[in-house]
Amino acid sequence: DQGPIAREVECVVEAELAPEALAVTLVHLDEARDPLLRRVRYRRERGRRRDRPVVAPARAVVHTSPSLARGIRALDGRSLFNPFGVYDGLIGPREGLTEACRRLSSRRLETFALCPFRFFMEYVLETGDIEEPELPVDMERTDIGSAYHRILYRLFLSLKREHLLPVTDASLHTAFERLSLIIDDDLTHHMGPIPALVQRARREIIAENLSDALNYEAERTSGGVVPRFFEWRFGFLPYEDNEEATPPLFIETPSGTVEITGKIDRVDVDEEAGVFAVIDYKTRRPSDIGLPTRIRKGLSLQLPLYLVAARDILFSGGLDPFATSHIYMEKPIGKEREERIDLSTSPDIIDAAISHTHRFVEMMHAGVFFPAGVVPERGCRFCEHKNHCRSGPKDIAQIRKDKTLASLGLDTVTQEEEDTDD
């Protein structure tokens, strides 16, 4: 049993073989010579066991049964010690892949970074959400995040119309009054059929988090930076009569041109300095890994791509980016509410995001959609596709991923490196 892919595969096959009737119990595969067999252990009908090579009769069994041959290849292909193969999502270039992966968003790219197989299921096969009907007991996490975004959008738009931006101590009281009215109106229409007691508790939690965020907004106001644009969309058709169609962000990759679309929660501008910052709201911090490290690993591409889109499309190169931030509605314990990156200290994040985009697009066009399985706590436990995903244990999945990328001539990216940002 020499060679890296020689494996024992269990099967039960009853077959009549001249001159003896054999029960094939173990099939050994060899990558160098026979694609199916190397030797077979067998036993006589009389129950007397002997081991010796019987390649010819065993090959006859398998070659006369195409379904058995396919099954053996599939079992070996799914071995936890082999690189990923066609049975794990390594489908190779296929017709329609280039078109399916031509129009992307930062969310789709981050989904691919987390798990290419999940990207394949959701955006190539378009399987959609797997609905499991049940009586809701609380708002879904996505619905809570949408509520934060809607309320903040309406609040800042209202304050902008009344020239109350940026939020300061002087305008904070008025801002709280507007916030209370908007929360009541929004949640009345969007909380869904959940129990009344839970509705009241969830409303209080959302109101408390938004009030804390508004207080923080007054504290972080500095200099001539003013919130200017809210939920600015690029790459989409207008959905309001007074909205103009905005082109997508075009990125030239070695595999072809891709279109990046998105919606920026907020753009702050300092006219005198000629700079701008991009801010994105998040319900909670996704991990303990710092934001710069997540960007450099390719796990978070949204903010750098949004900086490029705002610079090239919104301001047509007239303003330069100077910072970008995630502001969390649910403040992390022991962490700051805002994760901010100043481009003066991290000037490489845009180039890193573009480089990862090139790499991911190359893999998409090559049909590389293996399951990542390297962050099971965050990525796999609640994944809707886990029942038909062949991701193995965390350490083995990472080894298989590295072997696969090495065999394809692609660089490996380890997602579990030590964080040095915090």
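User: How many cavities of 30 Å³ or more does a search of the whole structure find?

Analyst: The search finds three cavities of 30 Å³ or more. Bear in mind that this is a predicted model, where local features need pLDDT of at least 70, side-chain atom pairs count only at pLDDT 80 or more, and totals for chains, interfaces and linings use all residues. Residues are numbered from 1 along each chain as its sequence is written, and side-chain values use heavy atoms, leaving out hydrogens and water.

User: What makes a space a cavity, and how much space lies in the second largest cavity?

Analyst: On a 1 Å grid over the protein atoms alone, a cavity is a set of points where a 1.4 Å probe fits but cannot get out. Grid points are joined across faces, edges and corners, and the volume is the space filled by probe spheres set on the points. By that count, the second largest cavity holds about 70 Å³.

User: Which residues line the second largest cavity?

Analyst: A lining residue has an atom within 4 Å of a point. The lining of the second largest cavity consists of Leu152, Leu155, Phe156, Leu210, Ala213, Leu214, Glu217, Arg266, Tyr281, Ile327 and Met329. H6 and H8 are the elements that give two or more residues to this lining, and H8 supplies the largest share, four residues.

User: How do the residues of that lining divide into nonpolar, polar and charged?

Analyst: Nine are nonpolar, none is polar and two are charged. Ala, Val, Leu, Ile, Met, Phe, Trp, Tyr, Cys and Pro count as nonpolar, Asp, Glu, Lys and Arg as charged, and the others, Gly among them, as polar. Glu217 and Arg266 belong to the lining, and both count as charged because Glu and Arg are in the charged group.

User: Why is the distance between the end C-alpha atoms of helix H6 said to agree with its 21 residues?

Analyst: Helices (H or I, at least four residues) and strands (E, at least two) are DSSP runs, numbered from the N terminus. The expected span of a helix is 1.5 Å times one less than its number of residues. For the 21 residues of H6 (141-161) that gives 30 Å, and the end C-alpha atoms are 31 Å apart, so the two agree.

User: Why is Ala147 of H6 classed as it is, buried or exposed?

Analyst: Buried means under 20% relative accessible area, exposed over 50%, and partly exposed in between (1.4 Å probe, protein chains only). Ala147 has a relative accessible area of 0%, so Ala147 is buried. Other buried residues of H6 include Ile144, Tyr148, Leu152 and Phe156.

User: What do the buried residues of H6 pack against, and what does Ala147 touch?

Analyst: The packing partners of H6 are helices H7 (172-190) and H8 (196-220) along with strands S6 (226-234), S8 (256-270) and S9 (275-282). Not counting residues up to four places away in sequence, Ala147 touches Met139, Asp186 and Leu187; contact means heavy atoms within 4.5 Å. Ala147 and Ile206 are 59 residues apart in sequence, with their C-alpha atoms 8.6 Å apart in space.

User: Why is Glu259 classed as it is, buried or exposed?

Analyst: Glu259 belongs to strand S8. The relative accessible area of Glu259 is 13%, so Glu259 is buried.

User: What makes the pairing of the Glu259 and Arg102 side chains a polar contact?

Analyst: A polar contact is a pair of N or O atoms within 3.5 Å; within protein, one must be able to donate a hydrogen and the other to accept it, and residues adjacent in sequence count only if both atoms are side-chain atoms. The side chains of Glu259 and Arg102 make one at 2.4 Å, and the side chain of Arg103 makes another with that of Glu259 at 2.7 Å.

User: Where is His163 found, and why does it count as buried or exposed?

Analyst: His163 is in the loop between H6 and H7. With 71% relative accessibility, His163 counts as exposed. Its phi is near 55°, a positive value in a residue other than glycine. That loop also contains Pro166, which a cis peptide bond joins to Leu165, with omega about 0°.

User: Why does Leu114 count as buried, partly exposed or exposed?

Analyst: The relative accessibility of Leu114 is 26%, so Leu114 counts as partly exposed. Leu114 lies in helix H4 (residues 106-114), and its C-alpha atom is 6.6 Å from that of Leu299, 185 residues away along the chain.

Definitions and conventions. On a 1 Å grid over the protein atoms alone, a cavity is a set of points where a 1.4 Å probe fits but cannot get out, and a pocket is an open set with protein on both sides within 12 Å along at least five of seven lines; lining residues have an atom within 4 Å of a point.
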